[in-house]
Amino acid sequence: MLKVSVISPEKTLFEGEVDAVVAPAFDGEVGILPQHAPLMTLLGYGELRLGLAGASGRFRVNGGFLQVIHDHVRVVTEAAEAL
Amino acid sequence: MAKGKELKARIRTTESTRKITRTMEMVATSKLKRALDRVQAARPYANALGDVISSLYTPELAERFPLLRQPEQERRAAVLLMTADRGLCGGFNANLIREARHLVERLRDRSVEVELHFEGRRGVGYFRYIGEPVTASRIGISERPTADDASALIDGIMRQFIDGTLDAVYVVYAQFKSPLSTPPTASRILPVTPPARTAGGTVPDYILAPSADAIVSELLPLYVRNQVYRALVETAAGEQGARRSAMKSATDNATDMLSLLRRTYNRTRQASITQEIAEIVGGAAALE
């Protein structure tokens, strides 16, 4: 499982465990599964899906970054909105 | 009984004033709670952003990114002063304005040209009054600031800094230490001072996409905006804290005053009754 937090300047929108994350990186979507290598990437504009096919939550994000360390995923974005 | 009537009127006005200050105290208390929640909620983002920038930052970057450029000499600086839109919060606004004035004086002593930006009615009102040119001002966001408000405030200034028309940008805001301690603080947000690397900072071997440079240059503006956003939320919370204590002491003073007034009123009433009885008894005695 991945421990995920979705953070915007105003609040933490999501905090919990999911089995997969698909995020809109600056150059296209990036999928994260457990045991992913440490990664740091910039985000573009698009839809962030938590869980398989977005089962655990879907957010519209714009800019910011995504960081993966030891199954902890941090999505830090300037504008995030739950879908 | 003219004195008694006067006292009664004063008791009435003091009572109604106390009712108002007590209500304002309660309103401020509940607003303070919400403002505090916002201060708390802003922390994870600021920490996350600070961590990343400090872990990717290297001194060599400073020469390449305009937001990190350290001008050899400050010639033009912008000061952004945040105050409340409303008064009735003790010395809160006055303290912020004083801090800003000191900063402006210090800068002018070093012959830096200063332009003034404002958020909040009180600050802009004062500086207009003393005849300072106001470059930009915004009101109406001090109570519930959003991240968009922060970008609206700082983006133009940030662009000017990148262009090189400004050499430094300062923010004067109320640092929120506790509801009772909100010291006015001046801090320089541009050029960016990268946050200190947190202890035990073994940076894991990241896959970086795109390069570290690109990530830093993309995240620096976010960091600057976030600093402004945090200053806004802290000032908003500070305002409510200051108003609560101001209104609490006003209510306490009204209570003290009321008890004094009531005591005086009762004393004069009693004195006049005693006097009347004495007069009647005296009159009756004279008739016998």
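This is a short dialogue on how to read the interface, sheets and salt bridges of a predicted two-chain model.

Reader: Happy to start. What are the ground rules for this model?

Author: The model is predicted, so local features need pLDDT of at least 70 and side-chain atom pairs count only at pLDDT 80 or more, while totals for chains, interfaces and linings use all residues. Residues are numbered from 1 along each chain as its sequence is written, chains are lettered from A and ligands numbered from 1 in the order in which they are written, and side-chain values use heavy atoms, with hydrogens and water left out.

Reader: How many residues of chain A are in contact with chain B?

Author: Contact here means heavy atoms within 4.5 Å. By that rule, 22 residues of chain A touch 27 residues of chain B.

Reader: And what is the area buried between chain A and chain B?

Author: The size of an interface is often given as the accessible area lost when the parts come together. The value used is the accessible area (1.4 Å probe) that two parts lose on being put together, summed over both. For chain A and chain B it is about 2,000 Å², and carbon and sulfur atoms give 70% of it. On the chain A side, Glu10(A), Met40(A) and Leu42(A) lose the most area to chain B, together 32% of what that side buries.

Reader: How many salt bridges are there between chain A and chain B?

Author: A salt bridge is a side-chain nitrogen of Lys or Arg within 4 Å of a carboxyl oxygen of Asp or Glu. Between the two chains the count is 2. Arg74(A) and Asp51(B) form a salt bridge, with 3.8 Å from N to O. There are also 8 residue pairs in polar contact across this interface, both residues at pLDDT 80 or more. A polar contact is a pair of N or O atoms within 3.5 Å; within protein, one must be able to donate a hydrogen and the other to accept it, and residues adjacent in sequence count only if both atoms are side-chain atoms.

Reader: Which strands of chain A supply at least two residues of the side that touches chain B?

Author: They are β5 (39-42), β8 (65-69) and β9 (72-76) of chain A. Strands (E, at least two residues) and helices (H or I, at least four) are DSSP runs, numbered from the N terminus. By class, that side of chain A has 12 nonpolar, 6 polar and 4 charged residues. Here Ala, Val, Leu, Ile, Met, Phe, Trp, Tyr, Cys and Pro count as nonpolar, Asp, Glu, Lys and Arg as charged, and the others, Gly among them, as polar.

Reader: Which strand of chain B do bridges join to β5(A)?

Author: Strands of a sheet pair through backbone hydrogen bonds, either parallel or antiparallel. Two strands pair if DSSP finds at least two bridges between them. β5(A) is joined by 3 bridges to β6 (residues 207-209) of chain B, and the two run parallel. Leu39(A) has Ile207(B) as its bridge partner in β6(B).

Reader: What is the strand order of the open sheet in chain A?

Author: The order is β4-β3-β6-β7-β10, 5 strands with antiparallel pairing. At the edges are β4 (28-32) and β10 (79-82) of chain A, each pairing on one side only. The twist averages 20° from one strand to the next. Inside the sheet, β6(A) and β7(A) pair in the antiparallel sense over 6 bridges, with Gly57(A) in β7(A) as the bridge partner of Leu50(A). These two strands form a hairpin with 6 residues between them, and Gly51(A) in the turn has a positive phi of about 80°.

Reader: Where does Lys3(A) form a salt bridge?

Author: Its partner is Glu17(A), the closest N and O atoms being 3.7 Å apart. Lys3(A) is in strand β1 of chain A and Glu17(A) in strand β2 of chain A, 14 residues apart. β1 (residues 2-7) and β2 (residues 12-18) of chain A pair in the antiparallel sense over 6 bridges, and a hairpin joins them through 4 residues.

Reader: Last one: which helices of chain B touch β1, β2, β4 and β5 of that chain?

Author: Helix α3 (residues 92-109) of chain B lies across these strands, running at about 160° to β4(B). Helix α6 (residues 212-287) of chain B packs on the sheet too, its direction making about 25° with that of β4(B). Axes are lines fitted to C-alpha atoms, for helices over the stretch in contact, and angles run from 0 to 180 degrees between N-to-C directions.
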